[in-house]
Amino acid sequence: MDPQTVWCPTLACPARGQRGQGNIGVHSQQERRYRCRVCNKTFGARSGTIFHRRRTDEALIVIVITLVSWGGPLVALEHAFGLQPQTIRDWLEAAGVPAEAVHQQQVVQPRDLGQVQADEVRVKT
């Protein structure tokens, strides 16, 4: 557990989003919990991730989401890993929230391109 790599997920905390400032300490190694020294709140190592409050191993969740993103059929994944259909849907929904935020910030956000080459104006499909 490295408190320099995490930040406080509390919305009302003035140190929210600040990483490596010394404002986070280890609260419990065994339970994998951190404590913010600014707002005095504790939070788990999985807080703010798609693994929050999930008992399944992180590696299995990543494998299933990766296979779905590459076009793997849900029915095959259910049978191969012995999972319920709703479990896989919940994992995909949880993974879609941060993916949508990245998409909105990086792709949809209008940009000032300045100059565009003439061959970039028309794209062949």
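Leaving aside its neighbours within four places in sequence, which residues is N23 in contact with? In this predicted model, the residues that N23 touches beyond that sequence window are A15, Q18, R35, C36, R37 and V38. N23 itself is found in the segment before β1, the strand that spans 24-28, and with a relative accessibility of 8% the residue counts as buried. Two of the partners just named, R35 and C36, lead on to the sheet and to the cysteines, which are taken up in turn below.

The sheet is an open one of 3 strands, arranged in the order β1-β2-β3 with antiparallel pairing. Its edge strands are β1 and β3, each of which pairs on one side only, and from one strand to the next the twist averages 40°. In general, strands of a sheet pair through backbone hydrogen bonds, in either a parallel or an antiparallel manner. Here β2 and β3 run antiparallel and are joined by 3 bridges, and R35, which is also a contact of N23, stands opposite T42 in β3.

The loop between β2 (33-36) and β3 (42-44) contains N40, a residue that is not a glycine and yet has a positive phi of about 65°. This deserves a remark because most residues other than glycine have a negative phi. N40 is exposed, its relative accessible area being 52%. A second case is R53, which lies in the loop between β3 and α1 and whose phi, near 60°, is likewise positive in a residue other than glycine. R53 is also exposed, with a relative accessible area of 78%.

From these exposed loop positions the reader can turn to the interior. The largest nonpolar core is made up of 11 residues in all, namely I50, F51, I61, V64, I65, L77, L83, I88, W91, A94 and A95. Helices α1 (58-69) and α3 (85-108) each supply at least two residues of this core, and the largest share, 4 residues, comes from α3. A second, separate core of 8 residues includes C13, I24, Y34 and C36.

Within the largest core, V64 offers a useful place from which to look around. Leaving aside neighbours within four places in sequence, V64 is in contact with L77, F81, L83, I88 and W91. Among these partners, L77, L83, I88 and W91 are themselves listed as members of the largest core.

The second core brings two cysteines into view, since C13 and C36 are both included in it. Why do the sulfurs of C36 and C13 not form a bond? The sulfur of C36 is 3.7 Å from the closest cysteine sulfur, which is in C13, and this is too far for a bond, because a disulfide calls for two cysteine sulfur atoms within 2.5 Å. By this rule the count of disulfides comes to 0, and C13 is in no disulfide, the nearest cysteine sulfur being that of C36. Both residues count as buried, C13 at 6% relative accessibility and C36 at 0%. C36 is, in addition, one of the residues in contact with N23, and so the path through the structure returns to the buried asparagine in the segment before β1.

How values were computed. Residues numbered from 1 in each chain as written. Predicted model: local features only at pLDDT ≥ 70, side-chain atom pairs only at ≥ 80, totals over all residues. Heavy atoms only, no water. Core = buried A, V, L, I, M, F, W, Y, C linked by side-chain atoms within 4.5 Å. Buried < 20%, exposed > 50% of the residue type's maximum accessible area, 1.4 Å probe, protein only. Contact = heavy atoms within 4.5 Å. Pairing = 2+ DSSP bridges. Axes fitted to C-alpha atoms, helices over the stretch in contact; angles between N-to-C directions.
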